[in-house]
Amino acid sequence: MTDVVLALRGVRLIADGRVILDEIDWEVREGERWVVLGRNGSGKTSIVRIAALYLHPSAGEVEVLGERLGRADVRTLRTRVGFASSALSAQLRPALPALDVVMTAKHAALEPWWHRYEEAERERARGLLDRMGVGGLAHRTLGTLSSGEQQRVLLARTLMTSPGLVLLDEPTAGLDLTGREELVAALAALARDVTAPPAVLVTHHVDEIPPGFTHALLLRQGRVLALGPLAATLNEANLSECFDLPLRLQQRGGRFSAWAR
């Protein structure tokens with residue numbers, strides 16, 4: 001039995017005559033925590049939306065949790081993938097209580113009235129909010145929460161279905177320093193949990209890579225520049241080429257920082 005939970009093979013994406021992704025080969029395996037880095041327009045969001053089954057490639061093969069895109073019922077398969085993005089959060093009503101935001105992930109729904117929920121499901125949602133440090137906000141509406149609190153609610157949502165894969169598209173975007181650090185700490189705790197599913201985090205910034213993440217995928221102009229174990233892949237040469245800027249890279253206490261030379 002394979003331990004590959006996500007596989008992209010020869011994936012291409014063309015939109016409006018422009019190549020967004022080109023010949024992407026990438027695998028995520030059990031126990032791995034990946035960070036995807038690259039400049040704006042490098043294809044980061046596109047690759048994670050393909051992995052989350054919300055976008056079909058123009059060519060190539062995509063397998064998620066042993067199911068091949070094009071042959072699987074994506075509505076069912078999406079319930080096995082925890083996915084958080086700004087586009088998804090924008091679809092959630094601001095008046096929705098945090099508890100409902102988490103609970104509705106069971107059916108990949110946006111509203112609670114579309115399905116029936118048992119008390120055990122409500123308790124699971126409460127427990128996940130507690131795990132992310134926002135249990136006291138269960139009955140607060142999403143629109144009244146800070147950006148950092150909202151992101152931790154959405155992180156709890158990704159875990160509601162005990163998914164086989166978690167995908168996070170720039171969850172720290174727009175957060176202040178406190179919100180960012182609280183979210184990074186929550187992701188670091190998730191990375192340390194050996195029972196947690198494999199995870200993929202998309203970000204622009206190396207200082208947002210949580211301790212405990214194991215692998216990196218660097219994209220440049222829609223192509224793979226480098227991928228593999230974090231220690232071997234995230235270096236000054238690769239990072240400088242990835243961002244088209246000579247960069248210094250430093251690691252201290254499990255966190256990274258980078259600046260122009």
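Two residues are in contact when heavy atoms of theirs lie within 4.5 Å. In this predicted model, Thr-172 serves as a starting point. Thr-172 sits in the loop between strand S7 (165–169) and helix H7 (177–192). Setting aside neighbours within four places in sequence, Thr-172 is in contact with Arg-180, Leu-183, Thr-203 and Glu-208. The relative accessibility of Thr-172 is 8%. Buried means under 20%, so Thr-172 counts as buried.

Empty space was examined next. Rolling a probe the size of a water molecule over the atoms reveals where such space remains. The largest pocket has a volume of about 320 Å³. Its lining is made of 18 residues. Nearest the centre of this pocket lie Tyr-54, Arg-78, His-107, Ala-108 and Arg-157. Four elements each give two or more residues to the lining: helix H2 (74–78), strand S6 (81–84), helix H3 (86–91) and helix H6 (147–158). The largest share, 3 residues, comes from S6. By class, the lining of the largest pocket holds 9 nonpolar, 6 polar and 3 charged residues.

Two of the residues nearest the centre of the largest pocket, Tyr-54 and Arg-78, also meet through a ring and a charge. The charged end of Arg-78 sits over the ring of Tyr-54. The distance to the ring centre is 4.2 Å.

The second largest pocket contains about 180 Å³ of space. A set of 14 residues lines this pocket. Ser-86, Gln-151, Asp-169, Glu-170 and Ala-173 lie nearest its centre. H3 and H6 each supply at least two lining residues. H6 gives the most, with 4 residues. The lining of the second largest pocket divides into 5 nonpolar, 7 polar and 2 charged residues.

Closed spaces were also found. The structure holds 2 cavities of 30 Å³ or more. The largest cavity encloses about 40 Å³ of space. Its lining consists of Ala-84, Gln-151, Leu-154, Leu-155, Leu-168, Pro-171, Leu-183 and Leu-187. H6 and H7 are the elements that give two or more residues to this lining. The largest share, 3 residues, is from H6. By class, the lining of the largest cavity has 7 nonpolar residues, 1 polar residue and no charged residues. Several names recur from earlier paragraphs. Leu-183, one of the residues lining the largest cavity, is among the contacts of Thr-172. Gln-151 is likewise part of the lining of the largest cavity, and Gln-151 is one of the residues nearest the centre of the second largest pocket.

About 30 Å³ of space lies in the second largest cavity. Arg-33, Leu-187, Leu-190, Ala-191, Pro-197, Ala-199 and Phe-213 line this cavity. H7 gives the most to the lining, with 3 residues. The lining of the second largest cavity has 6 nonpolar residues, no polar residues and 1 charged residue. Leu-187 appears in the lining of the largest cavity and in the lining of the second largest cavity.

Aromatic rings were considered last. The count comes to 2 aromatic pairs. Trp-26 and Trp-34 form an aromatic pair with an edge-to-face arrangement. The ring centres lie 5.6 Å apart, and the angle between the planes is 75°. An angle over 60 degrees counts as edge-to-face. Trp-26 is buried, as is Trp-34.

Conventions
Residues numbered from 1 in each chain as written. Predicted model: local features only at pLDDT ≥ 70, side-chain atom pairs only at ≥ 80, totals over all residues. Heavy atoms only, no water. Phe/Tyr/Trp six-rings, centres within 6.5 Å; stacked < 30°, edge-to-face > 60°. Buried < 20%, exposed > 50% of the residue type's maximum accessible area, 1.4 Å probe, protein only. Lys NZ or Arg CZ within 6 Å of the ring centre and 35° of its normal. 1 Å grid on protein atoms, 1.4 Å probe; cavity = no way out; pocket = protein on both sides within 12 Å on 5 of 7 lines; lining within 4 Å. Points joined across faces, edges and corners; volume = space filled by probe spheres on them. Nonpolar A, V, L, I, M, F, W, Y, C, P; charged D, E, K, R; others polar.
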